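Here's a quick look at one fold, helices and sheet included. Have the viewer open while you read.

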Amino acid sequence: MRKKVLAVCDEEASYACKFTAWLERKGHYPFEFIAFTGVDKVCDYVHTNPVELLLVAEGTMCPAISGLPVKKLVVLDEEKGTVPAELPAVLKYQSCEKIMQEVTALYGEEARAEGRGAAAQRAMHVLGVYSPLGRVGKTSLALALGQFLARRYSVLFLNLEPYSGFEQLFSCGFERNLGDLFYYIRQKKGQPAVQLAAMVRGAGGLSYVPPVITPEDVEQITGEEWSGLLEELRLYSGYQVIILDLGGGITQASELFDACSKIYMPVCQDRVSEAKLAQYEAWLGSTGREDVLKKTEKLMLPSVTPQGEMPWPECLTVGRFGDYVRKLVQDGGIFRT
């Protein structure tokens, strides 16, 4: 199914072309992008092709454009103070990422269901990484797995832990995170797949949404909300694989097990760990969740060893640990229960 169109129209050709080139490189938005530098050209195109979002520079705005049959029109405000009050606008001269954050906040739900039947056939695999044990390399496994899969597929990594430590691990701050995404979803502020795209970061070839900063933000997300987000991604994003780094809370994790085609479980063999694992498996059996055990693969992971100056998380794809996960991917059957 063809993606919806996001068009940018600006007489300043370099701006329109650079902005659409940035969107293409970003690669997370569920649109195809077209740049126009003339009013006649964009009008001719819109009259013969459906356009979902049209961003128009304030200096290019005119009655011919304001009357175009597009789903959503947003003006790129040049601070001239001439944008009509009834038209949504964002500042033109700011970072592309900030522009798209504001545009997605304005973007409504119009015509979302169009083409849903065809999109419903789109394949998207959800892989879970979970363990009832602590300090067994769960997040390292999830990140390494995602990086290797990203060499063949479009991968989105979601960390569901209350304390991920990502800001320190990646040595950066995050303006928005997973908690903000679900806030926007609850407030019905735009299409979730587009809101998510505005937050996505890249690392080691895979895409990820910054995890929550406040633990309550992830603990308050319901199973229904998770299911809704995964369905939105299946229908409206281009991701082929979603990797869920599931938190230690068994209630939260169990609500997502159904969505996973496979669950990887790092374990260890000391007496305490074996006792905890036995209790977890007994709980699954007592609640009729033998299906979870069937699609769970237990793994004894090698330790992660320092790799000189290699950055996180690329360092997880080399050494004994990287070789182990690479073989796990290469052995095949990764999308089979």
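Over which residues does pLDDT stay under 50? That is residues 109-120, for which the model has 25 contacts beyond four places in sequence; pLDDT is the predictor's confidence in each residue, from 0 to 100, and contact means heavy atoms within 4.5 Å. Where pLDDT is low, the predicted coordinates should not be read in detail. The protein averages a pLDDT of 87, and 91% of the residues score at least 70.

This is a predicted model, where local features need pLDDT of at least 70 and side-chain atom pairs count only at pLDDT 80 or more, while totals for chains, interfaces and linings use all residues. Residues are numbered from 1 along each chain as its sequence is written, and side-chain values use heavy atoms, leaving out hydrogens and water.

Now the sheet: five strands, ordered E2-E1-E3-E4-E5, make it up, and it is open with parallel pairing. Its edge strands, E2 (31-36) and E5 (89-91), each pair on one side only. Strands are DSSP runs of E with at least two residues, helices runs of H or I with at least four, numbered from the N terminus; two strands pair if DSSP finds at least two bridges between them.

Two helices sit on this sheet, with angles taken between N-to-C directions, from 0 to 180 degrees, and axes fitted to C-alpha atoms, for helices over the stretch in contact.

| Helix | Strands touched | Angle |
|---|---|---|
| H1 | E1, E2, E3, E4 | about 170° to E2 |
| H4 | E1, E3, E4, E5 | about 165° to E5 |

H1 (residues 13-26) and H4 (residues 96-106) also pack together at about 80°, axes 11 Å apart.
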